[in-house]
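Visitor: Please take me slowly through one part of this structure, and show me how that part is joined to what surrounds it.

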Amino acid sequence: MEKITSEQISNGQLWPRNKEDSMYDTPLEKRQLSPEESEIEKKRLEQIQIIFQQINIYNKKILSHLDKIDSCRWKITTLEIELNLLTRLSGPEKIEKIQNHVKSECRKCLLIESEKNKVLIEKNQLEGKVVKLTAEKTQLEGKVNELWILNNKLIQAGYIDKLTKIWNRDKFNEDAKNLIEDWAQFSIAFLDIDHFKDINDTYGHSTWDQVLRFLANKLRLIWSVYRRWWEEFLIIDTADEASLKAKLENLKNWTLWKAYSLPEFHNEKIFIKFSVGIISHKPWLTITQLTQYADDLMYQAKENRDTIITFDETIS
């Protein structure tokens, strides 16, 4: 799996935007061939290069033969002119000698013409080989692309939460690990929906699923978001704790204004509230410890409900 960068997080490139480009919409940016595929590709390119060199040699031979043919034809023309002049001025023996010379030059010209045609045939055969090898190369590249797409689909399928279609906890661990290895600055938020058991008990599992999908779709439009467990979500952002808290406060105000309608219950409204714990990356903490701190902060926020607490606030 290719490492993520902080720029990808801030630009919103780490999660599927909608149902159409969820787990199967994987950008194929820079693919790498396996060692065996690279060796086959290298041999094909070397073979094509050798054939092109041979074709250039044949082209030079053809040009040389054409020059010789032109030279022979010029000699023949000159001799024919001389023959016409000598026919009037010379005796029969000298005329016959000149005629034989003209015939000899004509035979040379025909031999050169035949050799030129032979070289052209060989050149055409080589060009046919180039076309065949190029077609095989294109076919091989197509197979490699198909395998690459299939491989990415399998990877992404293991990182997608089946209910909400956002990233899952395994993907969070992978992304956070890559960011730590790259010495990137980032913060994580641990979000838990308030009174979620009441929603489930009152309206049933179907509504429970709908609310989860509704909030997940909203979160992934803003952040790299991951479903951790049940009604718990994890968020990665390159902002510091205070900035991430301000963004979540805006979202909290939006959910208070934008209620979720329940079609099965005559469009009854549910106002989604949540509690959040936020912590920025600390070099001395592992991913597990960082997540646990965010989890503890979230439970502190749960005491008052609908609250957001940062790590910096607890130590100030």
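**A hairpin and its surroundings**

Guide: In the hairpin formed by S3 and S4, two residues lie between the strands, and tryptophan 230 there takes a positive phi near 45°. Please keep in mind, as we go on, that this is a predicted model. The two strands of the hairpin pair in the antiparallel sense over five bridges, and tryptophan 229 stands opposite glutamate 232 in S4. S3 is also joined to strand S1 (residues 167-168) by two bridges, and here the strands run parallel; asparagine 168 has arginine 227 in S3 as its bridge partner.

Glutamate 231 belongs to the loop between strand S3 (224-229) and S4. This glutamate is buried and yet has no salt bridge, for which a side-chain nitrogen of Lys or Arg would have to lie within 4 Å of a carboxyl oxygen. The nearest side chain of opposite charge, that of lysine 302, is 5.6 Å away. If we leave aside residues up to four places away in sequence, glutamate 231 touches Leu191, Asp192, Ile193, Phe196 and Leu212.

Some of those contacts lead us to S2, where seven of the seven residues are buried, so that this strand is largely enclosed by the rest of the structure. Both of its faces are covered, with Ser187, Ala189, Leu191 and Ile193 buried on one side, and Ile188, Phe190 and Asp192 buried on the other. S2 pairs with S4 of our hairpin in the antiparallel sense over six bridges, and phenylalanine 190 stands opposite leucine 234 in S4. S2 is joined to S7 as well, by seven bridges between strands that run antiparallel, and the bridge partner of leucine 191 in S7 is valine 276.

Phe196, another contact of glutamate 231, brings us to helix H5 (residues 196-203), in which Phe196, Ile199, Asn200 and Tyr203 are buried. These four cover an arc of only 100° around the axis, which is why they lie on the same side of H5. Lys197, Asp201 and Thr202, on the other side of the helix, are exposed. The buried residues of H5 pack against strand S2 (187-193), helix H6 (205-220), strand S5 (260-262) and strand S6 (268-270). After H5 comes glycine 204, whose phi is positive, near 100°.

With these elements in view, we can turn to the largest nonpolar core, which has 29 residues; among these, Leu191, Ile193, Leu219, Phe233, Leu248 and Val276 touch the most other members. Two or more residues are given to this core by each of S2, H5, H6, strand S4 (232-237), helix H7 (241-257), S5 and strand S7 (274-280). H6 gives the most, with six residues. A second, separate core of 23 residues includes Phe186, Phe190, Ile279 and Leu290. Leucine 248 may serve as one example of the contacts made, since we can list its partners: not counting residues up to four places away in sequence, leucine 248 touches Ala189, Leu191, Trp223, Ile235, Phe274, Val276, Ile278 and Ile308.

Finally, let us step back from the hairpin to the whole chain. Its secondary structure comes to nine helices and eight strands, and 40% of its 316 residues count as buried. Among contacts with a separation of 6 or more, 72% are accounted for by residues 24 or more positions apart.

How values were computed: Residues are numbered from 1 along each chain as its sequence is written. This is a predicted model: local features need pLDDT of at least 70, side-chain atom pairs count only at pLDDT 80 or more; totals for chains, interfaces and linings use all residues. Side-chain values use heavy atoms; hydrogens and water are left out. Buried means under 20% relative accessible area, exposed over 50%, partly exposed in between (1.4 Å probe, protein chains only). The arc is that of the directions from the helix axis to the C-beta atoms. Contact means heavy atoms within 4.5 Å. A nonpolar core is a set of buried Ala, Val, Leu, Ile, Met, Phe, Trp, Tyr and Cys residues joined through side-chain atoms within 4.5 Å. Lys and Arg count as positive and Asp and Glu as negative; His and the chain ends are not counted. Two strands pair if DSSP finds at least two bridges between them.
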